[in-house]
Structure formats: C-alpha cells, structure tokens
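Trainee: I've just opened this one and I'm new to it. Can we go through the labels people put on it, and how each one is earned?

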Amino acid sequence: MQEILTNMEIYQGSLDSLQIYKTWYDKFKNANCGALITFSGIVRDEGGISALSFDIYKPILQSWYENWVKDAAKCGTYLLFAHSLGDVKIHECSYMSGVVSKQRKIALKLINDFVEDFKANAPIWKYDVINGKRIYAKERSHNLSNAGLLS
C-alpha cells in the first residue's frame with residue numbers, strides 16, 4: 001500500500017525498490033534531463049536484529065520535504081522520496097531518494113546533501129526488532145532541531 005504526499009511516497013513495510021526506480025525512470029525518461037541519481041537504504045544484518053521498524057510524523061516530514069523540493073527547483077532539479085512505515089526485514093529496502101537534473105554534478109551534490117539532511121532532520125524514528133520486540137535505536141538516532149518539550 002502506498003500513500004503519496006506531494007511526491008513523497010510512504011509505503012507500509014519494505015519498499016519495492018526496483019518498481020519505484022522503474023516508476024521514477026518512466027516518469028522522467030522523456031523530460032530531457034541527463035541524470036536520475038538514486039540512493040537506496042537497505043537494512044543491514046547487525047546487532048542481532050531481524051528487522052528495523054519506523055514511525056513517521058507525517059506533517060513535519062511533509063514540511064521538511066516541501067522545503068527541499070522548493071530548494072531543488074531553484075537548481076532546475078526534481079526531488080523524489082520514498083520511505084517505509086512499520087517493519088522492514090534485513091536485506092530489504094526502507095528508504096529511497098532520487099534527483100532528476102539536466103546536469104549530473106548538480107544531481108550528485110544534491111542527493112548527498114539531501115540524504116545527509118534526511119538522516120539528521122527527518123522526523124522518522126527507528127527501532128530495532130529483536131526477538132519480536134521493537135527497541136528504540138537511541139544510539140543511532142539524532143535529536144531533531146526545535147523538537148522536544150517547551151519550557
């Protein structure tokens with residue numbers, strides 16, 4: 001099942017990365033752009049996990065993503081994004097992003113900047129799934145700026 005929020009795609013469970021890439025490629029192959037750069041995040045087998053599980057706060061994620069889309073448009077690029085909600089087993093895809101651009105150098109820089117900012121600022125919380133239990137992955141999480149209790 002897929003939910004589309006202004007070109008931001010949220011899927012329940014693992015991503016079908018080949019289908020998502022094909023959809024993105026087919027959408028832009030005739031747009032006279034020279035580059036479609038993608039990044040896929042795959043759940044690693046480490047720490048005794050059987051899966052990762054994700055919670056998303058969609059209103060803030062949508063706002064964060066829309067700001068990136070506006071900035072990307074200033075460079076003449078188009079930004080793509082897909083993420084999992086819920087459990088994703090090891091060796092499956094949980095995250096994809098893409099940049100479509102006339103120039104590869106711009107696309108390469110933008111995909112790097114976008115993925116780094118995503119890791120630091122997207123309101124997505126990660127849990128390890130060990131022995132059927134969700135355990136918050138605090139040591140691999142980042143504090144979101146402007147998040148938390150008001151004093």
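Mentor: Sure. Residues 24 or more positions apart account for 70% of the chain's contacts with a separation of 6 or more. Keep in mind that this is a predicted model.

Trainee: What pattern does the chain follow along the sequence?

Mentor: Reading along, you get β-β-α-β-β-α-β-β-α-β-β, with three helices and eight strands in the chain.

Trainee: Why is Asp55 with Arg134 called a salt bridge?

Mentor: The cut-off is a Lys or Arg side-chain nitrogen within 4 Å of a carboxyl oxygen of Asp or Glu. The closest N and O atoms of Asp55 and Arg134 are 3.0 Å apart, so the pair qualifies. This bridge links distant parts of the chain: Asp55 sits in strand 4 and Arg134 in strand 8, 79 residues apart.

Trainee: How do you know whether Asp55 is buried, exposed or partly exposed?

Mentor: Buried means under 20% relative accessible area and exposed means over 50%. Asp55 has 29%, so Asp55 falls in between and counts as partly exposed. Arg134, at 42%, is partly exposed too.

Trainee: And what makes Lys109 and Asp113 a salt bridge?

Mentor: Their closest N and O atoms are 2.5 Å apart, and the limit is 4 Å, so they pass. Both lie in helix 3; because they are four residues apart there, about one helical turn separates them. On accessibility, Lys109 has 53%, which is over 50%, so Lys109 is exposed. Asp113, at 28%, is partly exposed.

Trainee: Which residues are joined into one network by salt bridges that share partners?

Mentor: Lys22, Asp26 and Lys29. The structure holds six salt bridges.

Trainee: Now the inside. Which residues have the most contacts in the largest nonpolar core?

Mentor: Leu61, Trp64, Phe81, Phe114 and Ile124, in a core of 27 residues. Helix 3 gives the largest share of this core, six residues.

Trainee: What is Trp64 in contact with, leaving aside its neighbours within four places in sequence?

Mentor: Its partners include Phe81, Phe114 and Asp117. There's also a second, separate core of 10 residues, with Tyr11, Leu15, Ile20 and Trp24 among them.

Trainee: Last one: what makes Tyr57 eligible for the nonpolar surface patch?

Mentor: Patch residues need over 30% relative accessible area. Tyr57 has 43%, so Tyr57 clears that bar. The patch, about 380 Å², is made by Tyr57, Ile60, Trp125 and Tyr136, and Tyr57 itself lies in the loop between strand 4 and helix 2.

Technical notes. Residues numbered from 1 in each chain as written. Predicted model: local features only at pLDDT ≥ 70, side-chain atom pairs only at ≥ 80, totals over all residues. Heavy atoms only, no water. Core = buried A, V, L, I, M, F, W, Y, C linked by side-chain atoms within 4.5 Å. Buried < 20%, exposed > 50% of the residue type's maximum accessible area, 1.4 Å probe, protein only. Helix = DSSP H or I, 4+ residues; strand = E, 2+ residues; numbered from the N terminus. Contact = heavy atoms within 4.5 Å. Patch = residues over 30% accessible without salt bridge, like charges linked within 9 Å, V, L, I, M, F, W, Y side chains within 5 Å. Areas by Shrake-Rupley, 256 points an atom, 1.4 Å probe, with all protein chains shown as cover.
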